Amino acid sequence: MSDTDVKTESLGTVVVAGAANLAIAVAKLIAGLLSGSAAMLSEAAHSVADTTTELLLFLALRRGARPADARHPFGYGKESYVWAFFAALFTFVAGAGFAITHGVTTILVHEHSGDYLVSYIVLAVSFAIESISLARAVRQIRGESRRWRTTPRRFLRLTADTAVKAVFLEDSAALIGLLLAGAGVGLSHWTGSELWDGLASIAIGLLLLVVAIILARANISLLVGRAVPERLRREIERELVDLPAVERIDTLLTMQLGPDDILVAAKVDFRDDASGADIEAAADEAERRLTARYPEIEYVFLDPTPTRPGARERHARHTQDDPPG
């Protein structure tokens with residue numbers, strides 16, 4: 001799968017999730033208007049908030065995909081994390097804040113003005129639509145994890161594509177939230193007490209709060225300048241060390257410039273008998289090897305570094321003490 005295909009699939013995943021949330025919002029709004037249920041109207045507002053989040057993620061992918069220019073020579077990849085961070089904040093404020101507030105209000109008022117049957121139907125339809133959106137995200141995660149030769153769980157934890165991560169977490173939270181809502185409405189219907197409906201709404205709010213915090217932390221880390229995962233860093237180092245003219249790697253620095261853009265910079269100790277032409281050829285070969293194996297690597301910079309007394313011993317100790325990835 002090419003770099004362009006990955007970006008297109010991420011965009012498609014966000015579009016499917018946005019369309020699903022919009023359809024759910026319309027279904028809940030119609031149910032609320034027909035039944036007069038304040039709870040369903042509130043849920044419609046919640047789904048509108050989710051749709052707005054997907055719009056922000058769509059904007060993140062579009063803005064971050066702009067090509068590099070003179071003012072931004074490394075491209076606009078990090079801008080995608082800015083908009084994704086705004087999406088996480090929106091989930092925190094409009095999603096979690098509303099659900100918790102609405103749950104507390106429901107417990108205090110203890111009044112249900114809607115039709116339980118309509119609520120059940122809308123919850124079932126919403127669950128089916130959210131499942132379609134989640135299936136799309138899971139399919140992309142499995143495909144990407146195979147490409148990176150890792151597990152879906154590890155890929156989801158370490159991926160720099162926070163858009164697909166956000167869709168997966170939000171859709172998963174939505175399905176769990178619908179189950180909680182169904183349990184709350186069912187218990188309220190059975191007992192005649194709105195306490196259960198309110199508690200379910202608070203639980204949904206806390207669930208959204210956890211998702212928002214996870215996504216916000218991931219985007220902040222990438223905005224600051226996160227390195228690639230340790231296993232990938234070791235593979236990059238092995239590729240560089242295997243070059244004929246290279247003696248060893250003094251320092252290897254990596255950074256995620258965007259969801260699909262990686263920068264690699266290394267201080268390289270070349271062999272003493274390597275000529276200037278050998279060093280130039282090694283630099284070209286390093287870029288060719290790395291970009292062929294990992295299309296996400298956009299920039300490769302090698303800085304020739306002379307051997308310093310004791311450097312080999314220090315490097316050996318440093319390599320031995322590196323924590324496992």
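**Exercise 1.** In this predicted model, find which residue of β2 stands opposite threonine 251, and work out how β1 and β2 run relative to each other.

*Solution.* Start from threonine 251, whose opposite residue in β2 is lysine 267. Then widen the view to the whole pair of strands, where β1 (246-258) and β2 (residues 261-270) are joined by 10 bridges and run antiparallel.

**Exercise 2.** Determine how β2 and β3 are paired, and which strands stand at the edges of the sheet.

*Solution.* Begin with leucine 263, which has tyrosine 299 in β3 as its bridge partner. Between β2 and β3 (residues 297-304) there are 7 bridges, and these two strands run parallel. The chain segments β2, helix α9 (residues 276-293) and β3 together make a β-α-β unit that is right-handed. Next, put the strands in order: the open sheet of 3 strands reads β1-β2-β3, and its pairing is mixed. Because β1 and β3 each have a single partner strand, they stand at the edges, and one side of each is left without a neighbour in the sheet. From one strand to the next, the twist averages 15 degrees.

**Exercise 3.** Decide whether helices α6 and α7 are roughly parallel or roughly antiparallel, and describe the residues of their contact.

*Solution.* Take the packing geometry of helix α6 (residues 162-191) and helix α7 (residues 195-224), whose axes lie 7 Å apart at an angle of about 170 degrees. Angles over 145 degrees count as roughly antiparallel, and α6 and α7 are therefore roughly antiparallel to each other. Finally, sort the residues of the contact of α6 with α7, which comprise 19 nonpolar, 6 polar and 3 charged.

Key:
Residues are numbered from 1 along each chain as its sequence is written. This is a predicted model: local features need pLDDT of at least 70, side-chain atom pairs count only at pLDDT 80 or more; totals for chains, interfaces and linings use all residues. Side-chain values use heavy atoms; hydrogens and water are left out. Two strands pair if DSSP finds at least two bridges between them. Helices (H or I, at least four residues) and strands (E, at least two) are DSSP runs, numbered from the N terminus. A crossover is right-handed if, with the strands pointing away from the viewer, the path from the first strand over the helix to the second runs clockwise. Axes are lines fitted to C-alpha atoms, for helices over the stretch in contact, and angles run from 0 to 180 degrees between N-to-C directions. Angles under 35 degrees count as roughly parallel, over 145 as roughly antiparallel, 65 to 115 as roughly perpendicular and the rest as oblique. Ala, Val, Leu, Ile, Met, Phe, Trp, Tyr, Cys and Pro count as nonpolar, Asp, Glu, Lys and Arg as charged, and the others, Gly among them, as polar.
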